[in-house]
Amino acid sequence: MKRNHGPAGTAGIRAPPQSGLCCSRPIGSHWLSSPSRAVAKREQGQMQHSQRRALQEQQDQDGSRDPSRFGPVLGDLDTHLIAEGRHGRLWEALGAHVMTHEGSWGTHFAVWAPNAQSVSVVGPFNDWQGGRDAMQRRGAGLWELFLPGVGEGTLYKYEIADAAGNTLPLKSDPVGFGTQHRPENASMVRDIGGYGWHDADWMETRAARNTPDAPVSIYEVHLGSWKRDATQNGRPISYKEAAADLVDYVADMGFTHIELLPISEYPFDGSWGYQPTGLYAPTVRHGPPHEFRDLVDAAHQKGLGVLLDWVPAHFPSDAHGLGRFDGTALYEYADPREGFHRDWNTLIYDFGKPQVVNFLTANARYWLEEYHADGLRVDAVASMLYRDYSRNDGEWVANKDGGRENYEAIDLLRRMNTETHEAMPGIMTVAEESTAFPGVSRPVDQGGLGFGFKWNMGWMHDTLSYVAMDPIYRQHHHNQMTFGLTYAFSENFILAISHDEVVHGKGSLLGKMPGSDWEKFANLRAYYGFMWGHPGKKLLFMGQEFAQPTEWAFEGELPWELLKEEKHAGMQSLVRDLNRLYRDLPALHRRDCDARGFEWILADAATENVFAWVRKGAEGDDPVVIVCNFSPVTRSDFELGLPHAGVWREVLNTDAEIYGGSGAGNMGQVEAAAPGAQGQPAAARMTLPPLSTVMLTPAR
């Protein structure tokens, strides 16, 4: 697919000014920014409110504030690309940009509202009075206005009159870079240029950290409830505080990536960000845009990738948002059978409208380019792929061939994956997709959707169901632990135990485990060992690493005080050690997505609740044997086949006392010899502790 550029060599840069009027933004302003210009812009944007007000009053008196005296900022190339829905850097044309234009300092506003009769910018600079700062209509349904004296930190909205002249509720900027603190919802002028990154080494080398043969272990975080400041009325941690506390913690725990629940601005705390109204604005709950960059920059300097949850499937119907933006169903499908989501009471983007597709694909690039995000986890992909998703017969509109697939959404996802990987090589895209749709992580040019990875929802459901059973019944459900291997290599999978498993009455992960308190912890430790030994990348939601006993509550913070108890601290130590082994032993990660990296040793010992398999890396990598005993009985003198004779080190035992276990095991090693067993050339007699996972690798 072609890049989102204009004529060859332009790469989206607008034409130079003509006839002394600035009909495009100066090249130095946003494309080729120099340090001096960036500093000047930042200093201008930080003018005190009183200074700005005084300047505005003076301009009102002498007429220099009159917007009609300024020429356009948008160039012909901008309007042409937006009309086609092919503007790859849409955020540099639309939104609010602080700049110097025709000798005056101020802010340029631009918005897409093709069916509006009129559009005005309103804010404290005009006492929120519509009509005083009327925008000028341009081609492609665009409206623009340069307002001198308006700068960084200024609140604003758009007052729009529909085609019949009716004034709509004030609208926030769809491409606004900042917002007002909830419950207010105005957009805020934010100058996002001029940040000084310190992650050049990471950016040059990150591609190797995001591939299917790399160790990828993700810590999923809801930033609003990871940690709070008790000295300040329990306020959520800020971006700058997270840049220290969260980054240091995740690095110490051995995870390779942080995944943040959506940080695009959203009005309702209880949506956790999954109903965003400001796709281009980092939520102000934790600080301004540059401070979000501080968090990403700090993670990169610690060797951690940052993934963002991205929500292109739907948006809320709040009056200030995108719904009926110019008096028509502009961003959403007009027919509620296509455009309204009953499950979430939200509106669905019109994936067949080029400008809406452009709005979404450019937004994906925006987070990757402007904020150096290392990847996007795309939410609710299944709801996008199928027109009948969560609908009864007669409540949905078939595609042109009479089927249920949403061709437009499929094209959007393919375009997003193609354009983001072309623009930012080495990034990662991940699909939360719960069906058997083929080729989710297959390249677009091979007929796939183009994602790098897919969450393995089936594996999660089956295995959690198994470990939640009383061990006496597990022998009848053995296939729930083995079935995942029949399709484990059909996609590039991530084994995700996410926030969805610990909300809405599902309880905590620890709470799902059967038995006594000791058995609950032992079950969970054994399950984590099973998960880290299983093919596929790893993901845990925050709090699960130390066995949070209660369901996640977004209004508070994690119960960090539990780490004073040995059993919770032991679980945390186990997850830290699992991450270390996963990174250090290539056999555990190099062929996560390759059938050559896995071989069953024991898959049918149902009556004993025992599983065993070999993980293999590239040639020359030592194999790792994983043995799981999901019964509460110690299996003494258990014969297990091994790939070759010799001494095998016990590199992990989830029943070790340091993790809170009973301390049963094999004194650190076993010795294998001929004859073999279970199809392996050698065998060893060993002890399998109760409710445990043991990992063995050849002694060197």
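**Notebook: an open sheet and arginine 337**

I looked up the sheet and found six strands in an open arrangement, ordered S23-S24-S25-S30-S27-S28, with antiparallel pairing; strands pair if DSSP finds at least two bridges between them, and helices (H or I, at least four residues) and strands (E, at least two) are DSSP runs numbered from the N terminus. The edges are strand S23 (598-605) and strand S28 (669-672), each of which pairs on one side only. This is a predicted model, in which local features need pLDDT of at least 70, side-chain atom pairs count only at pLDDT 80 or more, and totals for chains, interfaces and linings use all residues. I note also that residues are numbered from 1 along each chain as its sequence is written, and that side-chain values use heavy atoms, with hydrogens and water left out.

I then checked strand S27 (residues 646-653), which is joined to S28 by four bridges and runs antiparallel to it, with tryptophan 648 opposite valine 670 in S28. Helix H17 (residues 517-533) packs on the sheet, where it touches strands S24 (610-615), S25 (624-629) and S30 (692-698); contact means heavy atoms within 4.5 Å.

Turning to arginine 337, I placed it in helix H9 (residues 336-339). Arginine 337 counts as partly exposed because its relative accessibility is 39%, the class between buried (under 20% relative accessible area) and exposed (over 50%), with a 1.4 Å probe and protein chains only. Leaving out residues up to four places away in sequence, I found that arginine 337 touches Arg391, Gly394, Glu395, Trp396 and Val397. The C-alpha atoms of arginine 337 and arginine 391 are 8.7 Å apart, although 54 residues separate the two along the chain.

Conventions: Axes are lines fitted to C-alpha atoms, for helices over the stretch in contact, and angles run from 0 to 180 degrees between N-to-C directions.
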